[in-house]
Amino acid sequence: MRFREAKHLHLISLGCTKNLVDSEVMLGRLKAYRLTPNLNEADVIIINTCGFIESAKQESIQTIFDASINRKKGAMLVVSGCLAERYKEELAREIPEIDIITGVSDYDKIDSMLEEKRGIHSKKVFLCDEKDERVVIGSHFHAYIKLSEGCNQSCSFCAIPSFKGKLHSRTLSSTLKELENLYAKGFRDFSFIAQDSSSYLRDVGQKDGLVALIKGIDSLKLDISCRIFYLYPSSTSLKLIETIANSTSFLPYFDMPIQHISEHMLKLMRRGASKAAHIELLKAMREVPEAFVRTSFVIGHPGEEEEDFRELYDFIESFAFDRINLFAYSPQENTPAFNMPNRPSSTITNKRINALNKIIKAQLKASHKALIGKQVDIILEGKSEISEYFYKARLKLWGRDIDGEILINDSEICDDNGQMLVLKEGYYRALITQYKQGFLFGKVLRAL
């Protein structure tokens with residue numbers, strides 16, 4: 001009997017980690033395929049697109065064109081995700097080379113789409129739960145867990161609610177079950193994500209859903225590390241901050257994109273919380289021992305005056321953020337900001353971003369240098385892409401792929417015979433030895 005060789009699948013997941021989770025759900029439905037890193041040998045190419053801002057749209061479109069040109073004859077090209085949800089008619093019309101177009105609602109039906117060679121477009125936004133088996137990619141130690149889909153906020157610059165819909169949370173029991181399932185497979189480090197994580201379960205009338213989640217995970221008494229991304233100022237409370245600070249499972253990691261600090265801009269952006277409320281929350285986070293505080297800002301939003309920017313500049317200079325992301329305002333159709341007057345020119349916006357980046361880079365350099373000579377808990381993640389001679393690691397506190405990398409070029413771990421042990425993914429104690437040309441270096445002392 002001759003066995004039919006498994007077909008090859010090449011997956012490209014663009015955009016955010018929420019997109020990545022949906023891509024992993026698709027891989028779970030397509031286990032009959034053999035994953036390949038080479039696009040030109042794939043029988044099926046899936047591009048899970050991002051359509052959040054203009055640069056993301058352009059990256060998605062260019063990726064589609066490149067895949068179409070470089071695929072082998074007969075290979076099927078599938079486009080899913082946010083761009084496909086927002087512009088499915090335009091994509092079908094302008095890029096007829098795409099074989100299947102589907103949006104954000106039917107990731108769990110990808111096997112049926114390939115079998116029937118047609119796209120499926122349901123109206124309900126898809127939210128994975130513990131029944132949707134995922135193939136986690138990129139790590140055997142860290143996994144993302146999605147808490148909800150959609151968003152009830154009404155930020156002036158954001159189009160997500162227009163195609164992701166209103167907030168839809170998964171149940172607490174479903175979330176806990178998925179974590180337990182992943183733990184049973186060997187995962188120990190977890191990042192919880194959503195469009196607005198701090199509103200988790202508010203759509204079903206539970207105000208402190210995230211507090212309940214943290215306490216529920218703590219009650220499992222697992223040897224894990226957890227962090228939460230995308231807290232929203234108007235739905236984050238002092239009680240939540242205190243719960244994270246006292247948790248046995250969750251690290252004191254606070255990711256709250258505040259987008260601006262000027263009272264005038266917060267109102268224009270429809271952020272739903274005052275400057276005073278923002279500062280109260282940020283100070284409470286900063287006061288937590290060993291806290292890590294991350295945020296992001298949108299620069300060049302319509303109506304941003306020089307005095308608004310100066311206020312933001314002074315605030316960033318004075319408040320000790322650990323990480324900051326800057327985004328130039330990107331006009332989005334069907335958003336309140338799209339037709340707002342007095343948008344700063346791209347020249348002014350870029351000038352403002354460059355000025356802020358000087359502060360941010362100086363602060364980051366200082367924080368990195370402060371680690372030299374210290375022993376720290378790290379998560380080792382495998383070989384570094386920078387050089388085959390280094391392992392890559394991050395502080396246990398840091399988020400995966402976004403907060404930095406420590407290059408490990410030495411180890412003091414030996415077996416009973418005195419032979420150096422091969423390092424693998426996991427928790428270790430390490431010594432930070434130097435900071436050079438923008439990179440942190442360290443050596444592993446022992447496993448944890």
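## Strands 16, 17 and 18

Strand 16 pairs with strand 18 (residues 439–447) in the parallel sense. Five bridges hold this pairing. Serine 411 stands opposite valine 444 in strand 18. These descriptions refer to a predicted model.

Strand 18 also pairs with strand 17 (residues 426–436). Here the two strands run antiparallel, and eight bridges join them. Isoleucine 432 has glycine 442 in strand 18 as its bridge partner. Strands 17 and 18 form a hairpin, with two residues between them. Glutamine 437 lies in that turn and has a positive phi of about 50 degrees.

## The barrel

Strand 16 (residues 406–411) has a pairing with strand 15 (residues 391–395) as well. This one is antiparallel and spans three bridges. Lysine 392 has leucine 407, in strand 16, as its bridge partner.

These pairings belong to a closed arrangement of five strands. The barrel order is 14-15-16-18-17, and the pairing is mixed. From one strand to the next, the twist averages 55 degrees.

## The second largest pocket

How much volume does the second largest pocket have? The value is about 760 Å³. The pocket is lined by 32 residues. Glu290, Ala291, Phe292, Leu395 and Leu397 are the closest to its centre.

Three elements each supply at least two residues of the lining: strand 11 (250–255), helix 13 (346–369) and strand 14 (375–383). Strand 14 is also one of the barrel strands. By class, the lining of this pocket holds 18 nonpolar residues, seven polar and seven charged. Where does the pocket sit relative to domain 2 and domain 3? It lies between them, because domain 2 (142–370) and domain 3 (372–447) both give residues to its lining.

## The cavity

Rolling a probe the size of a water molecule over the atoms shows where empty space is left. For this model, the count comes to one cavity of 30 Å³ or more. The largest cavity holds about 60 Å³ of space.

Its lining consists of Ser198, Arg202, Lys207, Asp208, Gly209, Leu210, Val211, Ser235, Ser237 and Leu240. Helix 8 (residues 209–220) gives the largest share of that lining, three residues. By class, the lining of the largest cavity divides into three nonpolar, four polar and three charged residues.

## Strands 9 and 10

Strand 9 (residues 189–193) pairs with strand 10 in the parallel sense. Four bridges connect the two. Serine 191 has arginine 227, in strand 10, as its bridge partner.

Are the faces of strand 10 buried or exposed? Both faces of strand 10 (residues 225–228) are covered. Ser225 and Arg227 are buried on one side. Cys226 and Ile228 are buried on the other. Arg227 is thus a buried residue that also takes part in the bridge to serine 191.

## Phenylalanine 65

Phenylalanine 65 is found in helix 2 (residues 54–70). Its relative accessible area is 35%, so it counts as partly exposed. That class lies between buried, under 20%, and exposed, over 50%.

How far apart are phenylalanine 65 and tyrosine 313? In sequence, the two are 248 residues apart. In space, the C-alpha to C-alpha distance is 40 Å.

Notes: Residues are numbered from 1 along each chain as its sequence is written. This is a predicted model: local features need pLDDT of at least 70, side-chain atom pairs count only at pLDDT 80 or more; totals for chains, interfaces and linings use all residues. Side-chain values use heavy atoms; hydrogens and water are left out. On a 1 Å grid over the protein atoms alone, a cavity is a set of points where a 1.4 Å probe fits but cannot get out, and a pocket is an open set with protein on both sides within 12 Å along at least five of seven lines; lining residues have an atom within 4 Å of a point. Grid points are joined across faces, edges and corners, and a volume is the space filled by probe spheres set on the points. Ala, Val, Leu, Ile, Met, Phe, Trp, Tyr, Cys and Pro count as nonpolar, Asp, Glu, Lys and Arg as charged, and the others, Gly among them, as polar. Domain bounds come from an automatic or database domain assignment. Two strands pair if DSSP finds at least two bridges between them. Axes are lines fitted to C-alpha atoms, for helices over the stretch in contact, and angles run from 0 to 180 degrees between N-to-C directions. Buried means under 20% relative accessible area, exposed over 50%, partly exposed in between (1.4 Å probe, protein chains only).
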